[in-house]
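Trainee: I'd like a close look at one small spot, and then some help seeing how the rest of the chain fits around it. Could you take me through it slowly?

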Amino acid sequence: MPAVSKGDGMRGLAVFISDIRNCKSKEAEIKRINKELANIRSKFKGDKALDGYSKKKYVCKLLFIFLLGHDIDFGHMEAVNLLSSNKYTEKQIGYLFISVLVNSNSELIRLINNAIKNDLASRNPTFMCLALHCIANVGSREMGEAFAADIPRILVAGDSMDSVKQSAALCLLRLYKASPDLVPMGEWTARVVHLLNDQHMGVVTAAVSLITCLCKKNPDDFKTCISLAVSRLSRIVSSASTDLQDYTYYFVPAPWLSVKLLRLLQCYPPPEDAAVKGRLVECLETVLNKAQEPPKSKKVQHSNAKNAILFETISLIIHYDSEPNLLVRACNQLGQFLQHRETNLRYLALESMCTLASSEFSHEAVKTHIDTVINALKTERDVSVRQRAADLLYAMCDRSNAKQIVSEMLRYLETADYAIREEIVLKVAILAEKYAVDYSWYVDTILNLIRIAGDYVSEEVWYRVLQIVTNRDDVQGYAAKTVFEALQAPACHENMVKVGGYILGEFGNLIAGDPRSSPPVQFSLLHSKFHLCSVATRALLLSTYIKFINLFPETKATIQGVLRAGSQLRNADVELQQRAVEYLTLSSVASTDVLATVLEEMPPFPERESSILAKLKRKKGPGAGSALDDGRRDPSSNDVNGGVEPTPSTVSTPSPSADLLGLRAAPPPAAPPATSGAGNLLVDVFSDGPAAQPSLGPTPEEAFLSELEPPAPESPMALLADPAPAADPGPEDIGPPIPEADELLNKFVCKNNGVLFENQLLQIGVKSEFRQNLGRMYLFYGNKTSVQFQNFSPTVVHPGDRRAQLAVQTKRVAAQVDGGAQVQQVLNIECLRDFLTPPLLSVRFRYGGAPQSLTLKLPVTINKFFQPTEMAAQDFFQRWKQLSLPQQEAQKIFKANHPMDAEVTKAKLLGFGSALLDNVDPNPENFVGAGIIQTKALQVGCLLRLEPNAQAQMYRLTLRTSKEPVSRHLCELLAQQF
């Protein structure tokens with residue numbers, strides 16, 4: 001790099017920076033900056049031509065002002081002029097200004113590209129490096145199109161200097177990550193692999209980064225890199241720290257290059273060539289041996305570099321999973337880190353051992369560290385390390401240690417962090433089921449699970465224990481006895497009552513001979529819990545009572561008295577009322593034989609895949625399959641098979657929203673006159689009944705709705721018919737949505753305007769507005785190329801039955817879109833009933849003779865038809881209690897994906913469509929909202945509560961609506977916004 005002469009000191013810049021630092025207030029700083037900006041502007045506009053030094057000085061000042069946070073709207077042309085200078089310092093400042101301030105869509109890009117092209121052709125290595133750095137920093141698509149073909153040639157040219165090759169490799173990597181389609185694969189790909197043999201270590205490091213990225217998409221084109229990478233790695237590992245002095249970091253030779261080479265090798269299976277494989281195994285053994293050597297320095301940088309190579313080596317050993325000796329040695333090395341004083345090393349060791357535990361070669365070696373892992377679960381202060389310890393215990397569990405691991409996880413569950421309790425509950429349930437030899441132990445474990453963490457025991461878990469007890473005669477008596485004893489506790493979780501009600505209703509006769517668990521005692525015990533339970537559990541208990549009448553005739557009079565009570569026959573909940581009436585009538589009029597037939601014992605359930613394991617996989621997310629699937633099957637395993645949820649005909653609880661009495665078929669009463677106050681809108685909203693009739697007077701909303709021209713009521717789909725002879729493509733004629741369709745859709749959940757999609761050919765913009773159950777959307781299609789689009793045809797498609805949920809009237813657009821032009825399409829939308837998935841937008845056209853097709857999800861979600869509703873705190877809590885059925889509530893606890901800012905959260909909730917209610921929640925940090933989903937068929941009232949926890953960076957979102965699918969869908973939509 002050329003040295004900077006004394007004349008390049010730019011004293012004026014130093015004085016200006018000093019003045020800024022000496023300012024006593026923000027106002028003084030702004031005043032000084034404005035004065036300097038006025039001076040620079042006058043110099044640039046003056047008649048006297050500025051020399052290169054002055055331009056450089058003033059451009060530097062502008063750059064400094066921009067870095068202070070002020071906008072700069074001039075000086076760009078002067079910076080571009082500096083690029084043509086032959087002085088390094090002037091050219092450097094010009095490129096620096098452009099890299100920081102010039103937008104990728106700027107009109108100056110063409111001028112900049114010309115200057116860059118001249119520098120790349122100059123063969124001056126310093127100027128070439130500056131140009132390459134600028135291309136990488138800006139990284140725009142236009143720059144990629146201009147230079148993507150030139151940079152590979154510079155990279156593999158024989159006369160390119162090392163610094164230029166290094167910059168070219170990193171620049172090409174940047175362009176490939178930004179626009180993979182712009183980088184052409186050609187003969188240079190074979191030549192770039194040989195850069196791994198380059199004498200300059202910097203060139204090798206840059207080349208490895210580039211090849212690692214390229215080979216993930218085109219592995220066959222770069223397969224020859226394996227032997228070269230092994231050769232280079234062998235030379236580094238076997239070298240002493242003095243051999244690579246310029247690339248030795250705290251006595252560790254080339255640690256960054258070593259890590260990159262190891263990651264490159266993880267992109268391929270083990271080498272097929274025996275010599276190459278033997279040399280690689282020797283390298284890996286050398287790294288493991290060096291890890292045992294005493295450290296050459298006590299500084300943390302030395303241990304960090306050394307451990308980085310070690311962990312990457314272990315990752316490669318795990319990836320190959322073919323060398324038993326190396327796997328066991330890696331496990332023993334990780335075991336030493338489990339008690340290391342550095343928390344990060346303990347975390348990484350636990351994480352790596354989870355993967356090792358799934359290998360048949362290293363599983364036994366992992367099990368030897370069980371005591372250390374259990375101790376980590378008990379004593380670690382960091383919750384993330386404790387979670388990794390729980391994951392490792394789950395991974396290393398087999399027949400020999402199942403009882404020990406399950407008992408330790410149950411013990412930890414009592415004090416576990418709330419964020420991971422549900423996951424641990426699922427893991428305990430899976431392990432107890434999978435390795436249960438003694439089924440009484442399995443029953444005890446699940447009941448303990450419910451006792452310790454009942455709130456986190458999902459339906460899948462207690463459904464599963466009911467299925468297993470029903471299917472195995474040898475455990476039914478023990479289960480009845482155990483659950484009876486558990487119900488005698490003063491404080492009993494509701495899930496325990498559900499399990500107890502089902503098991504005693506089916507198998508209570510097996511323990512009825514003991515006076516301590518006689519039929520009247522069983523009934524009294526269950527009925528003492530009745531008033532404390534939710535509607536769903538009470539319905540289950542009523543089914544248990546009618547089962548008791550069949551099992552224990554002596555309890556008939558007592559149970560009939562309970563069913564005959566006014567609190568049951570006139571219950572406000574239609575489900576409980578219907579069960580009480582039907583069960584009372586059945587017990588009164590049916591003969592003993594009929595009663596025994598109707599209420600006979602449940603048959604065994606069919607065996608299926610465990611639903612608990614499926615739930616755990618969903619909770620861990622994609623990529624967790626290898627850790628959760630049982631790839632390492634225990635040959636002695638005698639799994640408790642299947643995983644079907646029991647659906648007993650009399651004990652299960654139908655959906656409370658079912659039209660049991662045909663009440664919802666009746667026509668709605670006439671709507672009362674409209675009253676002031678939006679709160680009155682919620683009076684009849686929290687039911688599935690039809691929407692109230694609109695008031696007669698014209699309103700601004702009606703004016704808007706009349707403009708939208710919705711499809712006619714007598715034929716909702718009439719306006720969607722295509723008058724043209726050629727039919728629009730149906731769902732089966734279009735391709736699947738693009739992979740990022742869901743991500744693009746989520747961007748529009750809380751906003752109505754923006755860019756829906758953009759690539760190198762086409763830009764699609766959206767502008768929309770919605771009122772009540774109608775909406776209007778404008779789609780703007782922009783041709784970003786200079787070539788005309790032919791046969792341009794955007795179409796809205798309704799897969800499945802969505803046509804009955806959402807009516808979309810589309811207007812045709814011109815079949816030709818000129819280069820650089822934009823066309824507009826208007827969509828009129830009517831929400832007929834609640835929907836979960838949006839329509840698809842299919843765009844087809846021909847570009848340069850080649851057919852192009854694109855399928856997106858139209859940004860229309862159910863919350864677009866939200867009408868915000870204001871209400872007082874008293875009204876809110878009254879409505880909240882009305883929506884107390886489990887099916888009406890959806891709740892999600894999730895980690896914040898964005899900074900937790902109260903104003904941003906408020907804006908998102910308002911954009912979602914609900915009204916924000918002040919002074920309702922006792923905690924001022926929480927957000928409470930209310931609104932109505934407007935559809936043509938019905939209105940759905942919605943209440944929401946968002947509880948942020950800034951300390952834990954978590955949210956808890958609770959939604960209650962009168963329709964179960966709407967609650968779940970709104971909860972998922974809104975949770976993704978935070």
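What is the relative accessible area of Ser528?

Mentor: Ser528 has a relative accessible area of 35%, which makes it partly exposed (buried means under 20%, exposed over 50%, partly exposed in between, with a 1.4 Å probe and protein chains only). Before we go on, keep in mind that this is a predicted model, where local features need pLDDT of at least 70 and side-chain atom pairs count only at pLDDT 80 or more, while totals for chains, interfaces and linings use all residues. Residues are numbered from 1 along each chain as its sequence is written, and side-chain values use heavy atoms, with hydrogens and water left out.

Back to your spot. Ser528 sits in the loop between α28 (519–527) and α29 (helices are DSSP runs of H or I with at least four residues, strands are E runs with at least two, and both are numbered from the N terminus). Its side chain makes a polar contact, reaching the backbone oxygen of Leu525 at 2.6 Å. That term covers a pair of N or O atoms within 3.5 Å; within protein, one must be able to donate a hydrogen and the other to accept it, and residues adjacent in sequence count only if both atoms are side-chain atoms. Gln488 is 40 residues away from Ser528 along the chain, yet their C-alpha atoms are separated by 10.0 Å.

Now follow α29 (535–551), the helix on the other side of that loop. Along with α30 (556–564), α31 (566–569) and α33 (592–598), it is part of what covers the buried residues of α32. Helix α32 itself runs over residues 574–589, and its 16 residues reach 22 Å from first C-alpha to last, close to the 22 Å expected (the expected span is 1.5 Å times one less than the number of residues). Among its buried residues are Leu576, Ala580, Tyr583 and Leu584. At the N-terminal end, Asp573 acts as a cap, with a side-chain oxygen 3.0 Å from the backbone nitrogen of Glu575.

For a contrast with Ser528, try Thr470, which belongs to helix α25 (residues 459–471). Thr470 counts as buried because its relative accessibility is 4%. A polar atom of its side chain lies 2.7 Å from the backbone oxygen of Leu466. Leaving out residues up to four places away in sequence, Thr470 touches Gln476, Tyr502, Phe507, Met602, Pro603, Pro604 and Phe605 (contact means heavy atoms within 4.5 Å).

Another serine worth a click is Ser768, in strand β4 (residues 762–771). With a relative accessible area of 10%, Ser768 is buried. Beyond four places in sequence, Ser768 is in contact with Asn752, Asn753, Arg776 and Met777. Asn752 also offers a backbone oxygen 3.1 Å from a polar atom of the Ser768 side chain.

Helix α2 (residues 26–45) shows nicely how a helix can have two sides. Its buried residues are Glu29, Arg32, Ile33, Glu36, Leu37, Ile40 and Phe44. Seen down the axis, they fall within an arc of 140°, so they line one face of the helix (the arc is that of the directions from the helix axis to the C-beta atoms). On the face turned away from the buried side you'll find the exposed residues Glu27, Lys31, Lys35 and Lys45. The cover over the buried residues includes α1 (11–21), α3 (52–67) and α4 (76–82).

Two loop residues have a backbone quirk. Ala254, in the loop between β2 (252–253) and α14 (255–265), has a positive phi near 40° without being a glycine. Asn919 isn't a glycine either, and its phi is about 60°. Ala254 is buried at 5% relative accessible area, whereas Asn919 is exposed at 78%.

Finally, zoom out. The chain has 978 residues, 51% of them buried, with 40 helices and 16 strands. Of the contacts with a separation of 6 or more, 70% link residues 24 or more positions apart. A search of the whole structure finds zero disulfides (a disulfide is a pair of cysteine sulfur atoms within 2.5 Å). As for individual cysteines, Cys283 is buried at 4% and Cys354 is buried at 16%.
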